[in-house]
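Q: Please take me through this model, setting each descriptive term against the cut-off that it rests on.

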Amino acid sequence: MLKLFEHNTLNVDEIDEASTAIDVRQFNLWFGGKQVLHDISMRIPKNKVTALIGQSGCGKSTLVSSFNRLNDLYNGCKYSGEILIDGRNINSKKINVSRLRTRVGMVFQRPNPFPMSIYDNVCYGLRLQGVKTRRKLDDAVESTLKEAALWEEVKDRLFEPAHLLSGGQQQRLVIARALALKPDILLLDEPTSALDPLTTLFIEELMASLKKRCTIVIVTHNMQQAARVSDYTAFFHQGRLIEYADSDTLFTMPEKKQTEDYITGRYG
Ligand SMILES: Nc1ncnc2c1ncn2[C@@H]1O[C@H](COP(=O)(O)OP(=O)(O)OP(=O)(O)O)[C@@H](O)[C@H]1O
């Protein structure tokens, strides 16, 4: 197996509370009358990349969207069980959802820059937080665009509309926009599926460096990508967590036949 990144992992059963970023406990979710997630329990470790894999429709996006309560936007969405971040149940009524979404950033499959300049895109969340000083905004723009490996390409055109960038540049811009808020957790929902192989590699390398400062959860259909970039992988089928292990084990010695069939391409 091609290994671009070193993984240094514990067995999933050894992930203790202190090293857990997201603690999912018996989580169920319904859209209308239809149950989409069934009794999911897993600990997602801090400062690691965790991949969620499985057939289309098995609930991967719904689960990641539960980590910043994006599903609340849909009428008829109900859930039970708990999702703990820093020991607090994020589904509790006491949680400030805007603050949660600042701490738990999300990037989607299709880059969605706002209809404004590159500079304003990166500053958007900071301005909402009340940051006004030009110097602070300039510094944030430069440092996050550097972190997202986009600075060199855009430093001379920061005030051009973001939609003029290529798809891969837009995706890195959207990542920079999320990073500007210094999230603890970054959720990436198929972030490279619309990108060419070189830009994909760029973003994979970015994940490897970003995990030093945040926890990354990535939904991907690309098994090679999951094996390359993630420390841990969870395989889902029809809304259930079938197997969760460090990626080396899951991709070389899966315990369950369903996992093996999926990763060897027998279905899905
Ligand atoms: N807002 C919604 N309202 C109703 N049903 C939904 C909604 N979002 C998702 N679903 C349903 O929930 C199930 C899980 O969808 P989800 O998008 O989480 O799967 P997925 O594994 O991410 O799929 P894909 O790999 O195709 O993106 C599907 O049956 C889908 O139709």
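A: Over residues 10-263 the chain is 35% helix and 27% strand, and the C-alpha atoms at the two ends of that stretch are 22 Å apart. Helices here are DSSP runs of H or I with at least four residues, strands are runs of E with at least two, and both are numbered from the N terminus. The model is a predicted one, in which local features need pLDDT of at least 70 and side-chain atom pairs count only at pLDDT 80 or more, while totals for chains, interfaces and linings use all residues. Residues are numbered from 1 along each chain as its sequence is written.

Q: What does the UniProt record say about residues 10-263?

A: An unreviewed UniProt entry annotates residues 10-263 as "domain: ABC transporter". The positions follow the numbering used here and feature names are shortened, and such annotations may be inferred rather than shown by experiment.

Q: What makes a residue part of the shell around the ligand?

A: A residue counts as near the ligand if its C-beta atom, placed from the backbone, lies within 6 Å of it. The residues that meet this are Phe31, Val36, Gly54, Ser56, Gly57, Cys58, Gly59, Lys60, Ser61, Thr62 and Tyr74. Helix H1, residues 60-66, gives the most to this shell, with three residues.

Q: How many residues of the shell around the ligand are nonpolar, polar and charged?

A: The shell divides into four nonpolar, six polar and one charged residue. In this scheme Ala, Val, Leu, Ile, Met, Phe, Trp, Tyr, Cys and Pro count as nonpolar, Asp, Glu, Lys and Arg as charged, and the others, Gly among them, as polar.

Q: Why is Asp13 called exposed, whereas Asp120 is called partly exposed?

A: A residue is buried if 20 or more other C-beta atoms lie within 10 Å of its own, exposed if 12 or fewer, and partly exposed in between, with C-beta atoms placed from the backbone. Asp13, in the segment before S1, has 9 other C-beta atoms within 10 Å and is therefore exposed. Asp120, found in helix H3, has 19 such atoms and is therefore partly exposed.

Q: Which residues of helix H3 are buried, and what do they pack against?

A: In helix H3, residues 118-128, the buried residues are Ile118, Asn121, Val122, Cys123 and Gly125. They pack against helix H2 (97-103), helix H4 (134-147), helix H5 (151-154) and H6.

Q: What makes a set of residues a nonpolar core?

A: The set must consist of buried Ala, Val, Leu, Ile, Met, Phe, Trp, Tyr and Cys residues joined through C-beta atoms within 7 Å. The largest such core has 69 residues, and those with the most contacts inside it are Leu52, Ala176, Ile185, Leu187, Ile216 and Val217. Helix H6, residues 167-179, supplies the largest share of this core, six residues.

Q: Which residues are in contact with Val217, leaving aside its neighbours within four places in sequence?

A: Contact requires that the C-beta atoms of two residues, placed from the backbone, lie within 7 Å. With those neighbours left aside, Val217 is in contact with Ile44, Thr50, Leu52, Val64, Phe67, Ile185 and Leu187.

Q: Why are S2 and S5 said to stand at the edges of their sheet?

A: Two strands pair if DSSP finds at least two bridges between them. Four strands form an open sheet in the order S2-S1-S4-S5, with antiparallel pairing. Strand S2 (34-45) and strand S5 (88-89) each have a single partner strand, so one side of each is left without a neighbour in the sheet. Eight bridges join strand S1, residues 20-31, to S4, where Val24 stands opposite Ile83. Eight bridges also join S1 to S2, and there Trp30 stands opposite Gln35.

Q: What makes Arg69 and Glu190 notable in their phi values?

A: Most residues other than glycine have a negative phi, and most peptide bonds are trans. Arg69, in the loop between H1 and strand S4 (77-85), has a positive phi of about 60 degrees although it is not a glycine. Glu190, in the loop between strand S7 (185-189) and helix H7 (197-210), likewise has a positive phi, near 50 degrees. Arg69 has 18 other C-beta atoms within 10 Å and is therefore partly exposed.
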